[in-house]
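Student: I would like a close look at a single part of this model, with its backbone described carefully. Please set that part in the context of the chain afterwards.

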Amino acid sequence: MGQPADTEIKDLFIIGGGINGCGIARDAAGRGLTVALAEMNDLASATSSASTKLFHGGLRYLEYFEFRLVREALIERETLLKAMPHISWPMRFVLPYHEDMRFEADTPTSKLLSFFMPWMKGRRPAWLIRLGLFLYDNLGGRKILPGTATLDLTGTREGDPLQERFVKAYEYSDCWVEDSRLVVLNARDAQTRGARIMTRTQVINATGENGIWRIETRNTETDELHTFHARMLVNAGGPWVGDIIQTKMRLNSREGVRLVRGSHIVTRKLYDHDKCYFFQGTDGRIVFAIPYETDFTLIGTTDAEHADPSVKPECTPEEQDYLLSFANQYFKRKLNRDDVVWSYSGVRPLYDGGASSATAATRDYTLKIDTSAGAPVLNIFGGKITTYRRLAESAMQKIGEHLPLPKGKWTAGVPLPGGNFPVNGVAALNSNLQSRFPFLTDFWAKRLVRAYGTEASQILGDAQKATDLGKDFGATLTEVEITWLMKNEYARTAEDVIWRRNKLGLHLTNEQTQDLDDWMTRHRQSTPTAAE
Ligand SMILES: Cc1cc2nc3c(=O)[nH]c(=O)nc-3n(C[C@H](O)[C@H](O)[C@H](O)COP(=O)(O)OP(=O)(O)OC[C@H]3O[C@@H](n4cnc5c(N)ncnc54)[C@H](O)[C@@H]3O)c2cc1C
């Protein structure tokens, strides 16, 4: 994977291949800037593959009066859905109501309520939830997603898995998104528009020289060093944004990041319908239970301070117990640690605005230009998966103050690779694929359509039978798909494939994973990658 440095001076050099770095790379390349992006591991290997995977307005942020963030995110949900109907889809959220539900004590709403209605003693009244849902329905100009409804849980499939004390619920809409695929598709589209995407490439040093950045990189597989030059730098290092400012650029900056770990657990499927649950705890926090990868349920998340970005976040036994006991307050079936089949954890890189608790720290983004090195760098703090495209547009506005932009905004509604079909077109795509390739099982066809959209048939080529797809690695993963992922989607290892390009890690045995990894290692040298 030796990647020669460019002699050309790029307009923009982006550090970080998470959703923010890749979203900015796509927007900038489409506006005619010359762009290079360096990611030290795999794309989306940090926070952007560890989210709850929702395009959401964030109902709970209304209690913090984060109206700007909520409105922007609500409007954005449908814009994104149209651009990627394969990897994103609408979901209904059932919010069971019980009068024990409490606020987190220091939200502006809870403070107001305890001042005017002290007898509520921190409880979240039903009228307030209805008011929140009314705002949620109306702040963001919904056209595709259905609005809020009130549900009687008695004798319904939504009420069935829940304890009998829950008789009433509210139901509202948000969207699901395959977070790590979103990142890869943005990177691919950026590359199609001329950006250079380099994975396994760590920025080890960046210095301003005569108004130009000199950037040194190290290939983390081969240790090769290279030098690049750029007019402007974007620091989209996520949890490492502070580390990059201090140890790679060595700038004297007061800006800080607050690292807040969030963990999820995965259990076998806990109920038989396709809606999610929004559970409110007696501690004022909320936790989602979401249908996941056909056979599983995803439960999360937590909020825990995380001191050091270099310490790999992991779901601690305490966090597991917290999530299990949260779910046990709602589901009839009692869960314990033996029910957990997988867990994952990520670190939110939040802007340090001095909030009292991790839960209260703002989820909004902050963009700061620093010119103290003699050349401009844009540092990115915070942000949501949901607002990545809007964040990229705001970033371009700031970048435009330092570089001429040949073109204006363009990304709203423009499909990502494979997403050029209608929002309600998945079923049709599925049946077309199955009639063209009759050997595909339902699970297989659906998985390919959800991952690759209109590109699924291109991957299968002119195969007549399953054996035409080469080696079978298990769980419907075949040689042609792996080769395609290595050539077009920057995949280098089994982990890249089974945890970030798809989630087949939930289905493969350790032996199958090892076999896949060995095969990829053997074929790495002979398969040209997207990054070359
Ligand atoms: C538990 C949890 C749940 C969440 N749920 C949601 C949700 O449901 N919906 C939503 O909208 N948002 C959600 N978020 C927020 C969202 O996931 C993050 O805001 C977003 O992923 C941050 O993306 P990023 O690109 O800034 O950071 P990252 O994805 O962490 O990317 C930064 C990248 O920079 C790379 N890097 C760092 N230093 C260097 C270097 N020196 N050289 C090269 N590369 C470097 C890293 O390897 C990393 O890949 C959630 C976050 C968490 C933690």
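Student: In which loop, and between which strands, is the place of T301?

Tutor: This is a predicted model, in which local features need pLDDT of at least 70, side-chain atom pairs count only at pLDDT 80 or more, and totals for chains, interfaces and linings use all residues. Residues are numbered from 1 along each chain as its sequence is written, and side-chain values use heavy atoms, with hydrogens and water left out. T301 sits in the loop between β14 (296–300) and β15 (304–305), where strands are DSSP runs of E with at least two residues and helices are runs of H or I with at least four, numbered from the N terminus. The peptide bond that leads from G300 into T301 is cis, with omega near 20°.

Two other loops hold backbone features of another kind. In the loop between β7 (196–198) and β8 (201–209) lies R200, whose phi is near 50°, a positive value in a residue other than glycine. R200 is buried, with a relative accessible area of 10%, buried being under 20% with a 1.4 Å probe and protein chains only. T476, in the loop between β19 (472–474) and β20 (477–478), likewise is not a glycine and has a positive phi of about 75°; T476 is also buried, at a relative accessible area of 16%.

As for the setting, the protein chain comes to 14 helices and 20 strands, and 60% of its 532 residues count as buried. Its C-alpha atoms fill a box of roughly 70 × 60 × 40 Å along the principal axes.

Notes: Buried means under 20% relative accessible area, exposed over 50%, partly exposed in between (1.4 Å probe, protein chains only).
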